[in-house]
Amino acid sequence: NIFPFNYDERHRFAFTADYRYQSGKAYNGPRLFGKDILANAGINLQIVTASGRPYSPGTQIVRYGGTGFRGDINGARLPWNFGVDLRIDKNFSIVKGRNPLDLNVYLRVQNVFDTKNVIAVYRGSGDAKDDGYLNSERGAAELDNVTNTYGDAYIDYFVNQYNYLVRNPDNFTLPRRIFIGAILEF
């Protein structure tokens, strides 16, 4: 049998658009009080979508994962993901001449729409948010044990703490991030 690697990505589509304003006579942008306000400025938009990568579903649910193999190794796929990144920048000429010195100031936004893409799942349940343990036979037995040992008042605390541990942020893409910076070019 031929099994795909866990980083196998069958489809990836990327679209990049970049629009720039020139300076001097080539400038065709808006003017404010006779100044070319967008001279040497630009905007860049990148859109990427990709098919889900493979993973191996488990046959038995255990805490925070699964054991065994249901079907083939890497026989299931994660969902497609989608992301949009944006960069707006402007160049300022500090020193002109033989040894020019320029400053590029930028604003970069990664994951513009704050998309929560699934990039990993729990093998036992195939879900990124829940490992399925508390709903399994073993989990039910553990909940009964907690109830018998500590009483009914403690069960909500136990379930909340368990669910807190299951919510793994590494199962999702990073949230929206905004960067402001400058690059000195010489």
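**Exercise 1.** Which residues does Val146 touch, not counting residues up to four places away in sequence?

*Solution.* Note beforehand that this is a predicted model, in which local features need pLDDT of at least 70 and side-chain atom pairs count only at pLDDT 80 or more, while totals for chains, interfaces and linings use all residues. Residues are numbered from 1 along each chain as its sequence is written, and side-chain values use heavy atoms, with hydrogens and water left out. With contact meaning heavy atoms within 4.5 Å, the partners of Val146 beyond that sequence window are Gly151, Tyr154, Ile155 and Phe158.

**Exercise 2.** Find how many residues the largest nonpolar core has, and which helices supply it.

*Solution.* A nonpolar core is a set of buried Ala, Val, Leu, Ile, Met, Phe, Trp, Tyr and Cys residues joined through side-chain atoms within 4.5 Å, where buried means under 20% relative accessible area, exposed over 50% and partly exposed in between (1.4 Å probe, protein chains only). The largest such core has 9 residues, including Val146, Ile155 and Phe158. At least two of its residues come from each of H1 and helix H2 (152-166), helices being DSSP runs of H or I with at least four residues, and strands runs of E with at least two, numbered from the N terminus. H2 gives the largest share, 4 residues.

**Exercise 3.** Is Gln46 buried or partly exposed?

*Solution.* Gln46 belongs to strand E4 (residues 41-50), and it counts as partly exposed because its relative accessibility is 31%. Val84, among the residues that Gln46 touches, is 38 residues away in sequence, yet their C-alpha atoms are 5.7 Å apart.
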